[in-house]
Amino acid sequence: MKSRDIPVVSAVLEAGADDRVFDSLLLTGPLVIGLIVVLGRSLVTEAVAIAYIAAFVGYTLYRGVRT
Amino acid sequence: MNGAVATVGRDLGRILEALGGLMLISLVVPIVWGEYFALPALLVSALVPLGIGWVLYRRFEGAEAPGRFHGMIVAASGWFSVGIFGSLPFLLIAWSVQLGVPGFSTPAQTATLAAFTEPLNAIFESMSGFTGTGLTMTDNEEVLPRTLQWWRTFSEWVGGVGVIVLTTAILSRPGSGSLTLYESEARSKKIHPSIVSTVRTIWWIFILFTFGSILALWLAGMPIWGAINHGMTGLATGGFSITDNSIATYDSVAIDFVLIPIMLLGSIAFPVHYLILQGDLRNFYSDLQTRWVFGYMGIGSALLWGFLYFVGPYETPFAALRYGLFQFVSAATCTGFQTAVDATNIALGRWPSYAQLTVTFGMFVGGAAGSTAGGIKLIRGLTLVKGIRHQIADVFYPESAVRRLEINNRRLNEEEASREFMEAAIIVVLWSTFLVLGTFLLLLTLPSGEYSLANVLFEVASAQGNVGLSSGITGPDSLPTIGKIAFLFHMWIGRLEIIPVLVMLRTIFKRGGVYR
């Protein structure tokens, strides 16, 4: 089974900016928020949240510089 | 005409089915939070629009495809219907708590929730949510059941996407700004082939930004439930809060400053976001509206900072910057989050009149067309300014001169320029007319001497600009019934940019024989 065959994943991959990094951020977003809901505020969850935002901002800038 | 009824009926049916679906999804919230008493009310609330929508859709399934005329009527009647049926969770949950639900334990009734046993208050809250306004009939949002906190947030979030879809995919016409957006889209390699893929991409961007907003707010120190709700309403530039004093409740510099870029994201046209995510960062300055989002927010905030610091009421430059910047951005992006309240500093309604009018001007202009912001939209303001300058300069050129008006890198000939200028002027005149009429009406119905003209103008501009900042007039008891009904109308026309509502009313009156 390919990732494109999974209902939610296929919808995400077909829409948007046609970029796997952004698609991955979109798909992992609920998991990160879910992790925070379950574990609460801790060093680990804060690091994960910072990594998520840094990846989003950094990758947007990287694409801009590369284009 | 019957063909039009069928087309509108079919599409309205789909909208109501979608609304019912949103309510069914929201059943997760009372289950997670253990608010089981809200389950029957939310389920019934979902079944009503689902049932009506199903009947309408099945009845008119074979109707013709919609044209622009149908699109406007569907948008106007759809938003109105969603506002009405979206009030059911407020009404039914309030009555569930009031009367009790057999087999479920219900919490004690509060004055805040009891306000929603009045259908008009429930409809007001729902319309305020789906239009992204944020004016509220609640006294204290903190005591609302989590289910209703979520429904308020969800309505603004969905309404935010709805208005982007409306302006970029349905009402794309010269002067609305949408034509400009499509042309800027055309600069990229990938042009969306259909409305369906455009809508999907808008959702994609909106959801991605929502996750980022939630995490940023949480990192700034907001509890996760607050971050989820405020991240969603901030990006949707809706402004509903789950706390009693809006964002002022947190009294946090970090949260204030994290919310500013979130509100700005919501006020930039989403097709521009699409280009930026594709790596075309030049749009931050090459796109006229985006450039002006930053320029005009900067100028407005600096002006407000000057008023608040040099004339008062704030005594330190940082306090004036913190509250002035936040409140101007909140107003001009049409979000309506409030940090200037008496609980932590000085309430907006008690700011000097010129400071209030500066904020009112921000609400009047609003953000970019194709975003979630309200107001007349930056593109219209800029079209008007450039058009007026063009007309005046015309006097200095010989009659034989061929001149072109340049807007957002588009060179318009005389006919195109005249058409865009006219459309922008019509919207601005209508907007101003309804603003003045609403102000008169509110002045007549409010107790004399209790509120200043600046307060009243501020409140009406806030409703019509879908902002949600309040000078203290809006409330279940403080706003008279006529004022509530008028505000429902203001929020409705403000969200739809007036014309679709007038088209719908003309059609209804003409069909009923009232107007010929």
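How much area is buried between chain B and chain A, and what share of it do carbon and sulfur atoms give? In this predicted model, the area buried between the two chains is about 2300 Å², and carbon and sulfur atoms give 76% of it. Buried area here is the accessible area, taken with a 1.4 Å probe, that two parts lose on being put together, summed over both.

The model is a prediction in which local features need pLDDT of at least 70 and side-chain atom pairs count only at pLDDT 80 or more, while totals for chains, interfaces and linings use all residues. Residues are numbered from 1 along each chain as its sequence is written, chains are lettered from A and ligands numbered from 1 in the order in which they are written, and side-chain values use heavy atoms, with hydrogens and water left out.

## The interface of chain B and chain A

On the side of chain B, Trp204(B), Leu215(B) and Trp218(B) lose the most area to chain A, and together they account for 31% of what that side buries. Counted by contact (heavy atoms within 4.5 Å), 24 residues of chain B meet 30 residues of chain A. The rule finds 0 salt bridges across this interface, a salt bridge being a side-chain nitrogen of Lys or Arg within 4 Å of a carboxyl oxygen of Asp or Glu. It does find 4 residue pairs in polar contact, both residues being at pLDDT 80 or more. A polar contact is a pair of N or O atoms within 3.5 Å; within protein, one must be able to donate a hydrogen and the other to accept it, and residues adjacent in sequence count only if both atoms are side-chain atoms.

The elements of chain B that give two or more residues to the side touching chain A are helix H10 (195-219), helix H11 (224-235) and helix H13 (270-277). H10(B) gives the most, with 13 residues. Helices (H or I, at least four residues) are DSSP runs, numbered from the N terminus. By residue class, this side of chain B divides into 17 nonpolar, 5 polar and 2 charged residues. In that division Ala, Val, Leu, Ile, Met, Phe, Trp, Tyr, Cys and Pro count as nonpolar, Asp, Glu, Lys and Arg as charged, and the others, Gly among them, as polar.

## Annotated spans of chain A

An unreviewed UniProt entry lists residues 21-41 and 47-65 of chain A under "transmembrane region"; such annotations may be inferred rather than shown by experiment. In the model, residues 21-41 of chain A are 90% helix and 0% strand, with end C-alpha atoms 26 Å apart. Residues 47-65 of chain A are 100% helix and 0% strand, and their end C-alpha atoms also lie 26 Å apart.

## Salt bridges within the chains

Over all chains the structure holds 14 salt bridges, among them the pairs tabulated here.

| Salt bridge | Closest N to O distance |
|---|---|
| Asp23(A) and Arg20(A) | 2.5 Å |
| Asp251(B) and Arg322(B) | 3.3 Å |
| Glu406(B) and Arg411(B) | 3.9 Å |

Asp23(A) and Arg20(A) both lie in helix H2 (residues 20-39) of chain A, 3 residues apart, which is about one turn of the helix. Asp23(A) is buried, with a relative accessible area of 1%, whereas Arg20(A) is partly exposed at 44%. Buried means under 20% relative accessible area, exposed over 50%, and partly exposed in between (1.4 Å probe, protein chains only).

The pair of Asp251(B) and Arg322(B) links distant parts of the chain, 71 residues apart, with Asp251(B) in the loop between H11 and helix H12 (253-266) and Arg322(B) in helix H16 of chain B. Helix H16 covers residues 317-332. Asp251(B) is partly exposed, at a relative accessible area of 44%, while Arg322(B) is buried, at 10%. The side chain of Arg322(B) also makes a polar contact with the side chain of Asp256(B), at 2.7 Å. Leaving aside neighbours within four places in sequence, Arg322(B) is in contact with Asp251(B), Ser252(B), Val253(B), Asp256(B) and Phe257(B).

Glu406(B) is partly exposed, with a relative accessible area of 41%, and Arg411(B) counts as exposed at 54%. Elsewhere, salt bridges that share partners join Glu125(B), Glu141(B) and Arg152(B) into one network.

## Positive phi values in loops of chain B

Cys334(B), a residue other than glycine, has a positive phi near 65°. Cys334(B) is placed in the loop between H16 and helix H17 (353-365) of chain B and is buried, at 0% relative accessibility. Lys377(B), also not a glycine, has a positive phi near 85°. Lys377(B) lies in the loop between H17 and helix H18 (378-394) of chain B and is buried, with a relative accessible area of 1%.
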